[in-house]
Amino acid sequence: MANPSTSVLAPGQVDQLSALVSGASFAGLATAYWMTKLGYRVTVIELASDLRRGGTPVDIEGETIEILSRMGMMEAVRAKALPPRDFEFKDEADATLGGLEAASRPDDLSARRYEIHRDDLLDILFGAVDGSVETLFGRSLNQLEEGPAGVTVTFSDGSKGDYTLVFGCDGNRSNTRQLVFGDADSSSYFMGGYFYLRVVPETGLLPANRTQVFSVPGLTAMLNGYDDRTDIALAFRSDRQIDYDYRDRAQQRRLIRGHFDGIGWKVPAMLAHVDTDGDFYFDQASQIRMKSWSKGRVALVGDAGYCVSPVAGMGGSMALIGAARLADALRRHPDDHAAAFREYEDRLRPFVEEVQEKAATDGMSFLFPADELELAERNRKLLEGIIDL
Ligand SMILES: Cc1cc2nc3c(=O)[nH]c(=O)nc-3n(C[C@H](O)[C@H](O)[C@H](O)COP(=O)(O)OP(=O)(O)OC[C@H]3O[C@@H](n4cnc5c(N)ncnc54)[C@H](O)[C@@H]3O)c2cc1C
């Protein structure tokens, strides 16, 4: 059984505390990193058989730059940062209606914003913890039982373990959240839309280092162009949640086709990629809004506790900020995990709620206008250069 106390020990002390982290993505790997710094023996479990790769690039800005610097990773991030990418809103004739400022140049040390491929940031984080934490792939949590001194968990393979603290870093559909909080306290907020995303080798549909967005009421098509690949993103608005089988990929392709058939601009060429085999990401636009991010010795970090949605454009940053703030709180309250979890939440929640609110309102109507009115307003702002995302 793990040590009953929650004192934070200096690394190398024999009487070690232990932490279990569920999920090996940004929140999980960053939490693992900080917990080892606090002297914990850390185990990370990940449902997938390897790191889950893919997805669009991650924005690194503001507090995230400071956090990655504290983690000693900013140099590696800069080395992998993508060239500045122009953001253009297009009309059907491919004329540019307006744009957004590109991220900073990777070699600019005073830069306020970088972009990095999701996989590159995952590799940097994993490289920093590999060897100092135990990582178990293909495993998840089946049960958690909290005692006075720690949490006894049962893994999906039937084995058991005892940990001082447990962290649910297992994403939007977190099973730690489900096991610990149940349905009553877990709240998924539907934002009124669905997304399709596929990363394919460079298509020639747009120049490198460019993002192009085309919208008609209720439908948005977006292309991200890089040197070696193109992101194909298609989103449709819906007032209600659609009943679909998340394992039925053909049904999801049909849903996209059903909404985008007959739409102009570069959409027919994008749909050709929807029809071909290959992995893609399809999900509803949703946020996680919980009454509390912790219960007893279990705390949630990143999307598991407070998913801000892809619309916010800062899910990765929020996970890194959450992990660092949690570690700071545990450092300030080494003998009292309850006080640390309270402080973590009290200090971070106002920022999370602000980001969520902005994504659910301005973000949705700007990036995915639902109707003629929202589209006209969006285009007016673009023409006048009033863009505040
Ligand atoms: C493959 C993939 C592609 C993505 N693409 C995009 C994108 O294009 N745009 C965007 O805005 N966001 C994307 N996201 C979400 C984005 O990564 C998160 O919003 C953000 O990074 C927050 O990170 P997180 O660690 O909290 O959650 P996530 O990055 O979602 O990571 C959660 C991790 O937990 C693992 N996991 C899930 N269930 C269990 C379980 N039962 N037991 C153990 N582990 C579990 C998952 O496999 C994953 O590795 C993607 C996520 C994934 C996993």
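This is a short tour of a predicted model, with stops at the ligand, a sheet and some salt bridges.

**Stop 1: the ligand and its shell**

Start by selecting the ligand and the 27 residues around it. Which of them come nearest? Look for Ser25, Phe26, Glu46, Thr56 and Asp303.

Now show the polar contacts one at a time. Pick the side chain of Ser25: one of its N or O atoms sits 2.7 Å from an oxygen atom of the ligand. Move on to Thr56, and this time display the backbone, where an N or O atom is 2.8 Å from a ligand oxygen. Then go to Asn175, whose side chain places an N or O atom 3.1 Å from a nitrogen atom of the ligand.

With those contacts on screen, add a surface. On its own the ligand has 900 Å² of accessible area, and the protein covers 87% of that.

Next, colour the secondary structure elements that line this site. Helix 1 (26-37), strand 2 (40-46) and helix 9 (315-332) each give two or more residues to the shell. Which element gives the largest share? Select helix 9, which contributes three residues.

Before leaving, try colouring the shell by residue class. You should find eight nonpolar, 12 polar and seven charged residues.

**Stop 2: the open sheet**

Keep strand 2 selected and bring in its sheet. Six strands build an open sheet with mixed pairing, and you can walk across it in the order 7-2-1-11-18-17. The edges are strand 7 (134-137) and strand 17 (294-295); each has a single partner strand, so one side of each is left without a neighbour in the sheet.

Zoom in on the edge at strand 7. How do strand 2 and strand 7 pair, parallel or antiparallel? They run in the parallel sense, joined over four bridges. To find your bearings along this pair, label Thr43 and, opposite it in strand 7, Glu134.

As a reminder while you look, strands of a sheet pair through backbone hydrogen bonds, in either a parallel or an antiparallel sense.

**Stop 3: salt bridges**

How many salt bridges does a search of the whole structure find? The total is 26. In general, side chains of opposite charge can pair when their charged atoms come close.

Select Arg380 for a side chain with two partners to inspect. With Glu377 it forms a salt bridge whose closest N and O atoms are 2.8 Å apart. Those two residues are three apart in helix 11 (residues 372-384), so about one helical turn separates them. Arg380 is partly exposed, at 33% relative accessibility, and Glu377 is also partly exposed, with a relative accessible area of 33%.

Now turn to Glu384, which meets Arg380 in a salt bridge of 2.9 Å, N to O. Here the spacing is four residues in helix 11, again about one helical turn.

From there, select Glu66, Arg70, Asp328 and Arg331 together: salt bridges with shared partners join them into one network.

For a last stop, centre on Asp228 and Arg229. Their salt bridge has its closest N and O atoms 3.3 Å apart. Asp228 is partly exposed at 45% relative accessibility, while Arg229, with a relative accessible area of 23%, is partly exposed too.

Note on methods: Residues numbered from 1 in each chain as written. Predicted model: local features only at pLDDT ≥ 70, side-chain atom pairs only at ≥ 80, totals over all residues. Heavy atoms only, no water. Near = heavy atom within 4 Å. Polar contact = N/O pair within 3.5 Å; in protein donor to acceptor, adjacent residues only side chain to side chain. Areas by Shrake-Rupley, 256 points an atom, 1.4 Å probe, with all protein chains shown as cover. Nonpolar A, V, L, I, M, F, W, Y, C, P; charged D, E, K, R; others polar. Pairing = 2+ DSSP bridges. Salt bridge = Lys/Arg side-chain N within 4 Å of Asp/Glu carboxyl O. Buried < 20%, exposed > 50% of the residue type's maximum accessible area, 1.4 Å probe, protein only.
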